[in-house]
Amino acid sequence: MRETDVAIIGGGLAGSVTAAMLGRAGIEAVVVDPHETFPEDFRCEKFDASQLELLAQTGFAGNVLAKAAAPLGELWIAHGARILEKKAGDQYSFAYDAMVNAVRQEIGGSASLMVGKVNAVETGEEMQRIVLAGGEEIRARLVVIANGLNTGIRDVMGLDRTILSPAHSISIGFDFKPVGRDRFPFSGLTYYSPRMSDRVAYITTFPIPGTMRANLFVYRDMRDPWLREMRHQPMAALEAALPGFREALGDFEVTGFVKIRPVDLYQTNNYRRPGMVLIGDAFNTACPAAGTGTNKVLNDAVQLASVHVPAWLSTPGIGGEKIAAFYDDPVKRAVDEASLEKAWRLRSMSTDTGLAWQARRWIRRNRRRAFGALREARGRLALGGLRPAGGHS
Ligand SMILES: Cc1cc2nc3c(=O)[nH]c(=O)nc-3n(C[C@H](O)[C@H](O)[C@H](O)COP(=O)(O)OP(=O)(O)OC[C@H]3O[C@@H](n4cnc5c(N)ncnc54)[C@H](O)[C@@H]3O)c2cc1C
């Protein structure tokens with residue numbers, strides 16, 4: 001029997017960030033996960049500026065980015081074959097397992113990782129009990145459920161889910177390399193299709209250590225034969241569904257296995273219970289195409305570890321009203337609501353043929369074109385040794 005203040009079930013991104021932050025704050029915590037080293041898996045592979053801002057709040061952003069990620073240099077935006085914009089990258093790209101394992105290296109002080117699979121959880125107002133597959137027990141004042149998409153424990157606890165949108169989007173990930181040259185002239189390229197009938201949100205390419213990577217997001221039925229073609233003949237499938245992509249990117253070939261993952265949008269129910277909180281994908285999912293899953297994960301971990309857990313542990317008991325403060329936290333609610341809203345908006349933006357959405361798409365494309373032209377003009381001015389009127393730099 002082991003005793004601790006906080007027991008965390010699941011050492012993915014959410015559980016590992018929470019454990020590392022609690023350890024730094026001197027709060028006793030144990031994170032339990034079946035894998036000593038987080039295995040290779042297709043998940044988030046890029047942090048944008050908003051996610052980097054959240055990561056900065058953990059206190060160990062510099063360490064994990066230096067170990068696991070690469071800054072994205074120039075990012076090109078293409079609409080069909082046409083490059084609309086070239087802008088300085090404000091993103092970092094990585095393999096998900098490398099990122100989680102780098103975060104795990106930050107778990108220290110009063111926090112530790114324990115290898116094991118949690119089979120049962122009992123919760124109450126004072127002490128919680130979790131039981132591992134090997135029979136070991138952990139008693140804790142608080143249980144954090146961060147077991148991602150795996151519903152095993154939640155099913156046992158009667159935490160069912162409402163599926164808000166089954167297979168809301170499908171994420172496709174693959175490695176690729178240039179053909180006929182050593183490297184691409186950009187660091188990353190994001191392509192939007194000019195043709196809506198293909199139900200493509202966009203494809204984004206970026207370097208991760210050792211390879212170039214592509215994430216393609218589509219809204220299709222899982223039985224669509226195009227997905228089978230994408231798995232077995234990816235070059236032909238890309239040619240068919242992404243007009244102009246090859247021209248924008250230049251000659252390339254897909255290397256290795258194509259991973260195809262549908263993601264349901266869901267919300268876990270019955271979660272307001274004394275003694276436990278759900279965070280990250282265990283609480284609800286985001287659409288990978290909208291790219292907000294790690295906003296939710298990082299925001300949950302930061303709010304929980306820096307605001308709520310220290311306050312909860314400062315007085316006896318972990319009753320329902322304490323737990324409610326986390327779910328009702330306006331910062332958490334705003335991030336969760338924005339994530340869901342973006343999931344639906346991007347889907348409509350990519351597939352809706354109504355006039356209003358056509359107008360929005362037109363505005364999006366022309367705004368990019370205008371920004372691109374402005375940046376190019378600024379670049380030409382700088383190259384010519386001229387400064388914009390009134391400018392100091
Ligand atoms: C294909 C795909 C692409 C995505 N792309 C993006 C993107 O571009 N941008 C973005 O922001 N988000 C993206 N997301 C979402 C983002 O990756 C997730 O929101 C995030 O990884 C969830 O982290 P988590 O810690 O909640 O879950 P996970 O990282 O999955 O961790 C769950 C952990 O729980 C452990 N576990 C499970 N059961 C047990 C048990 N019984 N006992 C102990 N441990 C257990 C597992 O081993 C695992 O380590 C994507 C998701 C997918 C699927």
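## Helix 1 against helix 4

Let's start with a pair of helices: helix 1 and helix 4 make a left-handed crossing. This is a predicted model, so everything below describes a prediction. The axes of helix 1 and helix 4 (residues 96-104) come within 9 Å and cross at roughly 20°, which makes the two helices roughly parallel.

As for who touches whom, helix 1 brings Leu13, Ser16, Val17 and Ala20, and these meet Val100, Val103 and Arg104 of helix 4. Sorted by class, that contact has five nonpolar residues, one polar and one charged.

## Helix 3 on helix 4

Helix 4 also packs with helix 3 (residues 61-68), at an angle of about 140° and with the axes 9 Å apart. At 140° the angle is not over 145, the cut-off for roughly antiparallel, so helix 3 and helix 4 count as oblique to each other. Here the crossing is right-handed.

On the helix 3 side you'll find Val64, Lys67 and Ala68, which meet Ala98, Met99, Ala102 and Val103 of helix 4. The contact of helix 3 with helix 4 splits into six nonpolar residues, no polar ones and one charged. Val103 turns up here and also in the contact with helix 1.

## Helix 9 and helix 10

Further along the chain, helix 9 (293-313) pairs up with helix 10 (residues 320-327), their axes coming within 10 Å and crossing at roughly 160°. That angle is over 145, so helix 9 and helix 10 are roughly antiparallel to each other. Helix 9 passes helix 10 in a right-handed crossing.

Gln303, Leu304, His308 and Trp312 are what helix 9 puts into this contact, facing Lys322, Ala325 and Phe326 from helix 10. By class, that works out as four nonpolar residues, two polar and one charged.

## The seven-stranded sheet

Now for the strands. Seven of them make an open sheet with mixed pairing, in the order 6-5-13-14-15-12-16. Strand 6 (82-88) and strand 16 (252-268) sit at the edges with a single partner strand each, so one side of each has no neighbour in the sheet. From one strand to the next, the twist averages 20°. At one end of the order, strand 5 (residues 74-79) pairs with strand 6 in the antiparallel sense over six bridges, and tryptophan 76 stands opposite lysine 86 in strand 6.

Two helices lie across this sheet's strands. Helix 6 (residues 225-232) lies across strand 12 (161-178) and strand 16, and runs at about 135° to strand 16. Helix 7 (residues 234-241) lies across strand 12, strand 14 (200-208) and strand 16, at about 65° to strand 16.

## A three-stranded sheet

There's also an open sheet of three strands, ordered 3-7-4 and paired antiparallel. Its edges are strand 3 (46-47) and strand 4 (69-71); each has a single partner strand, so one side of each is left without a neighbour in the sheet. Strand 4 is joined to strand 7 (residues 92-94) by three bridges, and alanine 69 stands opposite phenylalanine 94 of strand 7.

## Back-to-back hairpins

Strand 9 (residues 118-122) and strand 10 (residues 128-132) pair antiparallel over four bridges. They form a hairpin with five residues between the strands, and valine 118 has leucine 132 of strand 10 as its bridge partner.

Strand 10 is also joined by four bridges to strand 11 (residues 137-145), again running antiparallel. Valine 131 is the bridge partner of glutamate 137 in strand 11. This hairpin has four residues between its strands, and glycine 135 takes a positive phi near 95° there.

## Around the ligand

Which residues come closest to the ligand? Of the 38 residues that surround it, the closest are Gly10, Gly12, Gly148, Gly280 and Gly293. The elements giving two or more residues to this shell are helix 1 (13-24), strand 2 (29-33), helix 5 (152-156), strand 16 and helix 9.

So what's the chemical mix of the shell? It divides into 17 nonpolar, 15 polar and six charged residues. Some of these elements have already come up: helix 1 packs with helix 4, helix 9 with helix 10, and strand 16 is an edge of the seven-stranded sheet.

Methods:
Residues numbered from 1 in each chain as written. Predicted model: local features only at pLDDT ≥ 70, side-chain atom pairs only at ≥ 80, totals over all residues. Pairing = 2+ DSSP bridges. Axes fitted to C-alpha atoms, helices over the stretch in contact; angles between N-to-C directions. Contact = placed C-beta atoms within 7 Å. Near = placed C-beta within 6 Å. Nonpolar A, V, L, I, M, F, W, Y, C, P; charged D, E, K, R; others polar. Parallel < 35°, antiparallel > 145°, perpendicular 65-115°, else oblique. Left-handed = near helix turned anticlockwise from the far one by under 90°.
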